[in-house]
Amino acid sequence: VFTTVLTGTMINVLIPIMRAEFGASAAQIGWVITGYSIAYAIGVPLYGRISDFFGVRRVFSAGLLGFALGGLICALAPSFAVLVLGRIVQGIGGAAVPALAFVAVAKLLPKGERGGAMGLVASSVGIGAAVGPVVGGAVGQLLGWRALFVGSLVLMLLLIPFARRVLPNGGSVDERRFDLAGGVLLGLGAGLFLFSITQAQGAGFASASSWGSFLGAALALAGFVWRINGISHPFVSPALFKNRAYVAAVVVGFFSMLANLSALVFIPLLVVEVNGLSPGAAGLVLTPGAVALAILSPLTGRLSDRIGVRLPIVAGLMIMGFSTLFISTFAGGLPVMIAVGLVGVSIGFAFVQSPANNAAANALPDTEVGGGMGIFAGAFFLGAGTGPALMGAFLAAREESSSGAINPLYILEAAPFSDTFLAMVPALFIALIAAFGLRGHIERSISDHERSERPRKGFRRWLGT
């Protein structure tokens, strides 16, 4: 996960250099990101379920190999079209990483012991996001943008032997029952939904490409629902979506990620456009939040193992809500105040992200862990894609209206940004309502060995007293 996040953030900072080399337009160069994102959106919800049939080790290794192959295509790309093709291949392979990282934890560790491991995986996102732009800028300046793809190729090839050694092997479901049509409909729905959001950022939500893609996504997902309810061995069981605790975790994941990534996107825009900071200085505003997320995620994951998932998630969502209100109130003020607000958002998200992953995994039966965690990871990713597009459209509308701030506490001169951060609060409120549908505790799985040792350990403890 660290390597894929690092690679993504390294490449993003060098998009202008790629555009200049290939003479691409602004709309064309966007496909370096869009092509990767759409392939990612299609793959993330699929890989988890595929691993139920073919095993985590085999599917994860294939994903790493696909990511490496995409990096090779990009590094050698003679034209812009080949570069975009390489990024799509990278997205198809890279989608296996976040989807199966949490599936592997859920399959290797029993309930009650997963939180810390999931938190460690989640913390790698914050570390990769913080380190990526720095490494990308340095390596790109010294060796050129193609060296970044060579680096990702080498890293992934080095990881494959370790993955094949330590990850669980073999599927838990008969391979002959794999519902390919259901998986295609789910992936198509996710991809078209993200494409509609992407198109809306440039052409507006009323454009034919945006609403047409959204309609296609709705039809594909309706077909997916019809499919899983109409065959004996569906892609995932319809009971998955009747599982209240699991659905609550998915809703929490989608809306919390929507607000979190929106904040990460619009805070640099705020401090650059309003405060006049350089891009490098804007990165420093983001750094404390990334560090807080990286440090706290393993701790909150372990905490959710001990006290249950609901309390940390509710507390985290409330912290995120108050922090976005704080940023809304001081938008356009001192950058250090904005950094403080973002630290609050990151702390709150640390209390949500790992426990939400833990909640989703613990709500699933063993035979549905792969598919369920894949859909959960897909919801996180779609939230990340949806938030910035919606908030970007809202910001543009508020800038055009030239009216005062909606926040009654706001007294500065950046009202559109104040309103944009205020608009993130309803998403967090929806997540907060959903959080009360989570199970308050975790029923820990106990192995036969642990069960046999418990009386003996208790007797020894009594002897010691």
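The exercises below work through helices, burial, salt bridges and a pocket in one predicted model.

Residues are numbered from 1 along each chain as its sequence is written, and side-chain values use heavy atoms, with hydrogens and water left out. Because the model is predicted, local features need pLDDT of at least 70 and side-chain atom pairs count only at pLDDT 80 or more, while totals for chains, interfaces and linings use all residues.

**Exercise 1. Place A248 and find what it touches.**

Task: State which helix holds A248, whether A248 is buried or exposed, and which residues it contacts beyond its neighbours within four places in sequence.

Step 1. A248 belongs to helix α12, residues 244-273. Helices are DSSP runs (H or I, at least four residues; strands are E, at least two), numbered from the N terminus.

Step 2. The relative accessible area of A248 is 7%. Buried means under 20%, exposed over 50%, and partly exposed in between (1.4 Å probe, protein chains only). A248 is therefore buried.

Step 3. Contact means heavy atoms within 4.5 Å. With neighbours within four places in sequence left aside, A248 contacts A434, G437 and L438.

Step 4. A248 and A434 are 186 residues apart along the chain, yet their C-alpha atoms are separated by 5.1 Å.

**Exercise 2. Describe the two sides of helix α18.**

Task: List the buried residues of α18, say which residues on the other side are exposed, and name helices that cover the buried ones.

Step 1. In α18 (residues 425-435), the buried residues are A427, L428, A431, L432, A434 and A435.

Step 2. These residues span an arc of only 160° around the axis, so they lie on the same side of α18. The arc is taken from the directions that run from the helix axis to the C-beta atoms.

Step 3. F429 and I433 are exposed on the other side of α18.

Step 4. The cover over the buried residues of α18 includes α12 and α14 (310-330).

**Exercise 3. Analyse three salt bridges.**

Task: Give the number of salt bridges, then locate the partners of D52, D179 and D419.

Step 1. A salt bridge is a side-chain nitrogen of Lys or Arg within 4 Å of a carboxyl oxygen of Asp or Glu. By this rule there are six salt bridges.

Step 2. D52 pairs with K107 at 3.0 Å, N to O. This pair links distant parts of the chain, with D52 in helix α4 (residues 31-54) and K107 in helix α7 (residues 96-108), 55 residues apart. D52 is buried at 0% relative accessibility, whereas K107 is partly exposed at 30%.

Step 3. D179 pairs with R227 at 2.9 Å, N to O. D179 sits in the loop between α9 (146-166) and α10 (180-203) and R227 in helix α11 (residues 208-230), so the pair ties together parts 48 residues apart in sequence. D179 is buried, at 3%, and R227 is partly exposed, at 25%.

Step 4. D419 pairs with R398 at 2.7 Å, N to O. Here D419 is in helix α17 (residues 415-422) and R398 in helix α16 (residues 369-401), 21 residues apart. D419 is buried at 2% relative accessibility, and R398 is buried at 16%.

Step 5. Salt bridges with shared partners join R49, D52, K107 and E368 into one network.

**Exercise 4. Find the polar partner of S304.**

Task: Which side chain makes a polar contact with the side chain of S304?

Step 1. S304 lies in helix α13, residues 279-307, and is buried, with a relative accessible area of 0%.

Step 2. A polar contact is a pair of N or O atoms within 3.5 Å; within protein, one must be able to donate a hydrogen and the other to accept it, and residues adjacent in sequence count only if both atoms are side-chain atoms.

Step 3. The partner is the side chain of N358, at 2.9 Å.

**Exercise 5. Describe the second largest pocket.**

Task: What is the volume of the second largest pocket, and which residues lie nearest its centre?

Step 1. On a 1 Å grid over the protein atoms alone, a pocket is an open set of points where a 1.4 Å probe fits, with protein on both sides within 12 Å along at least five of seven lines; lining residues have an atom within 4 Å of a point.

Step 2. The second largest pocket holds about 590 Å³ of space.

Step 3. Its lining has 22 residues, and L221, V250, I375, A379 and L382 lie nearest the centre.

Step 4. At least two lining residues come from each of α4, α10, α11, α12 and α16.

Technical notes. Points joined across faces, edges and corners; volume = space filled by probe spheres on them.
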